[in-house]
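Reader: Please take me through one part of this model in detail. I would like the sheet in the third domain, and then its setting.

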Amino acid sequence: MGGDTIAAIATAPGRGGVAVIRISGCDAFAVGEKIAGTLPKPGRFGFRQLAADDVLVLAFKSPRSYTGEDVVEIHSHGGAVVPRQILKLCLEQGARLARRGEFTERAFLNGKMDLSEAESVIELVDAKTDRAAEDARKRLNGEKSLVYRALYETALALSADLEHALDIDEGELPDGFMAAAGARMASLADALMREIRRAETGRMLRDGALVVLAGPPNAGKSSLMNALLGRHRAIVSDIPGTTRDSIEEYLDLDGIPVRLADTAGLRETADEIEREGVRRARDLIAAADYVIDLAGNVHTKCDLGRIEGKLNVSAVTGEGLDELRRDIASHLERSPDPGPTPSEREAALLTEARRALVWHEDPVLCANAARDAARTLGRLTGAEYSADILASIFSRFCVGK
Ligand SMILES: Nc1nc2c(ncn2[C@@H]2O[C@H](COP(=O)(O)OP(=O)(O)OP(=O)(O)O)[C@@H](O)[C@H]2O)c(=O)[nH]1
Ligand SMILES: [Mg+2]
């Protein structure tokens with residue numbers, strides 16, 4: 001177990017009841033002993049009195065720990081002072097402050113998890129809705145990794161067979177070898193495509209979908225925004241042109257995180273401020289994943305009168321709001337397939353691999369295509385990785401993870 005010993009506060013800063021200071025590396029037990037006197041047996045915990053606080057100490061023996069190294073955790077009271085004092089003790093006893101994501105990076109380097117799983121740690125921490133968390137948890141449990149490993153191995157086998165075909169005389173190839181290889185490549189390309197489509201849903205679960213309220217002035221956009229949010233966020237009045245600046249609020253829509261935007265009513269106007277509002281409204285509409293178009297598919301104020309063939313809703317009575325929510329959710333849900341979704345990095349790699357997989361008459365080019373795809377897919381799980389890739393992934397973590 002090479003590498004130096006690192007320490008960090010693993011819990012979020014602020015006034016929490018409890019904070020966790022984590023130490024990992026070959027000297028973790030030595031550092032822990034200098035601070036706590038003695039350590040509990042690995043896998044056990046014990047109470048210790050430090051100058052800073054009464055704490056709970058846990059020891060984990062390599063490889064049975066989060067990082068795969070020797071790990072000591074000190075659970076103290078939270079807040080701004082005590083955890084920092086304990087961290088300072090760790091640093092004085094020879095540990096070095098961990099970089100962002102360094103605990104999880106070590107877990108990857110020590111084979112405790114692959115890159116896809118490591119990446120889902122940050123997605124679980126960042127998840128805004130139950131669905132997004134569930135998605136990240138499935139990935140963390142390795143469900144996605146199994147799929148990626150299978151894709152990688154399929155590409156690797158195809159690449160190896162094609163390379164082998166180059167080495168022997170054409171007459172020695174079994175009948176129909178190239179046709180079979182072509183079919184294998186096509187089926188691999190299909191499997192990649194399915195994953196790529198799922199990525200769109202994944203992006204939405206992570207970043208949220210943009211849903212924009214649009215329509216003429218006084219249509220009832222701001223009222224509908226308030227009704228969907230369940231509180232009076234936007235100003236409502238019977239004066240046309242009330243909303244100018246667009247207003248954005250977060251909404252959990254059947255588990256999909258949604259940025260709901262209210263916009264200025266669309267009309268020609270001499271008012272310079274309102275004109276800017278209308279410009280912003282058009283930009284948002286252009287970027288939207290879904291537009292609640294009060295001049296189109298949705299009819300609001302249905303308590304005053306209904307229109308057949310439209311989705312009738314009312315901000316006053318609440319009628320039709322559930323149906324509207326369901327309609328938006330089903331439009332946003334591009335992939336009905338419930339499996340865990342690729343991250344942005346993974347989607348880019350899947351797309352790159354899919355692009356490489358082009359069938360050629362020339363067996364040399366075919367073998368190159370399969371090899372390129374296999375290499376790219378190897379970067380999904382970290383079967384192939386570089387320091388740059390690790391840095392770009394783990395720098396998104398916070399210190400202590
Ligand atoms: N009866 C009824 N009145 C509504 C409903 N929704 C909005 N209104 C009324 O319609 C008027 C305009 O509502 P707003 O929500 O401000 O409309 P808006 O589209 O945001 O208007 P601008 O911001 O000016 O573009 C207000 O007087 C609201 O009280 C509804 O569902 N039923
Ligand atoms: Mg408004």
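Author: Here is a close look at that sheet, followed by its surroundings.

This is a predicted model. The domain assignment places domain 3 at residues 207-332. Domain 1 covers 6-113. Domain 2 is made of two segments, 121-205 and 340-394.

Start with the strand order. 4 strands form an open sheet, ordered S8-S9-S7-S10, with mixed pairing. Strand S8 (247-253) and strand S10 (290-293) are the edges. Each has a single partner strand, so one side of each is left without a neighbour in the sheet. From one strand to the next, the twist averages 25°.

Now take one pair. Strand S7 (residues 209-214) runs parallel to S10, and 4 bridges join them. Leu 213 sits opposite Ile 292 of S10. In general, strands of a sheet pair through backbone hydrogen bonds, either parallel or antiparallel.

A helix covers this sheet. Helix H8 (residues 221-229) packs on it and touches S7, S8, strand S9 (256-262) and S10. The direction of H8 makes about 155° with that of S9.

Next, the ligand. There are 23 residues around ligand 1. Those that come nearest are Gly 220, Ser 222, Ser 223, Thr 243 and Gly 265. By class, the shell holds 11 polar, 8 nonpolar and 4 charged residues.

For a second sheet, look at the N-terminal part of the chain. Here 6 strands form an open sheet in the order S3-S4-S5-S2-S1-S6, again with mixed pairing. Its edges are strand S3 (45-49) and strand S6 (96-97). Each has a single partner strand, so one side of each is left without a neighbour in the sheet. S3 pairs with strand S4 (residues 54-60) in the antiparallel sense, over 5 bridges. Phe 45 stands opposite Leu 58 in S4.

This sheet carries a helix too. Helix H2 (residues 82-92) packs on it, touching strand S1 (6-9), strand S2 (18-24), strand S5 (71-77) and S6. The direction of H2 makes about 15° with that of S2. As for the domains themselves, the C-alpha centres of domain 1 and domain 3 lie 49 Å apart.

Last, confidence. The protein averages a pLDDT of 90, and 98% of the residues score at least 70. Confidence is highest in strand S12 (residues 311-312), at 98. It is lowest in helix H13 (residues 387-394), at a mean of 79. Where pLDDT is low, the predicted coordinates should not be read in detail.

Methods
Residues are numbered from 1 along each chain as its sequence is written. Chains are lettered from A and ligands numbered from 1 in the order in which they are written. This is a predicted model: local features need pLDDT of at least 70, side-chain atom pairs count only at pLDDT 80 or more; totals for chains, interfaces and linings use all residues. A residue is near a molecule or strand if its C-beta atom, placed from the backbone, lies within 6 Å of it. Ala, Val, Leu, Ile, Met, Phe, Trp, Tyr, Cys and Pro count as nonpolar, Asp, Glu, Lys and Arg as charged, and the others, Gly among them, as polar. Two strands pair if DSSP finds at least two bridges between them. Helices (H or I, at least four residues) and strands (E, at least two) are DSSP runs, numbered from the N terminus. Axes are lines fitted to C-alpha atoms, for helices over the stretch in contact, and angles run from 0 to 180 degrees between N-to-C directions. Two residues are in contact if their C-beta atoms, placed from the backbone, lie within 7 Å. pLDDT is the predictor's confidence in each residue, from 0 to 100. Domain bounds come from an automatic or database domain assignment.
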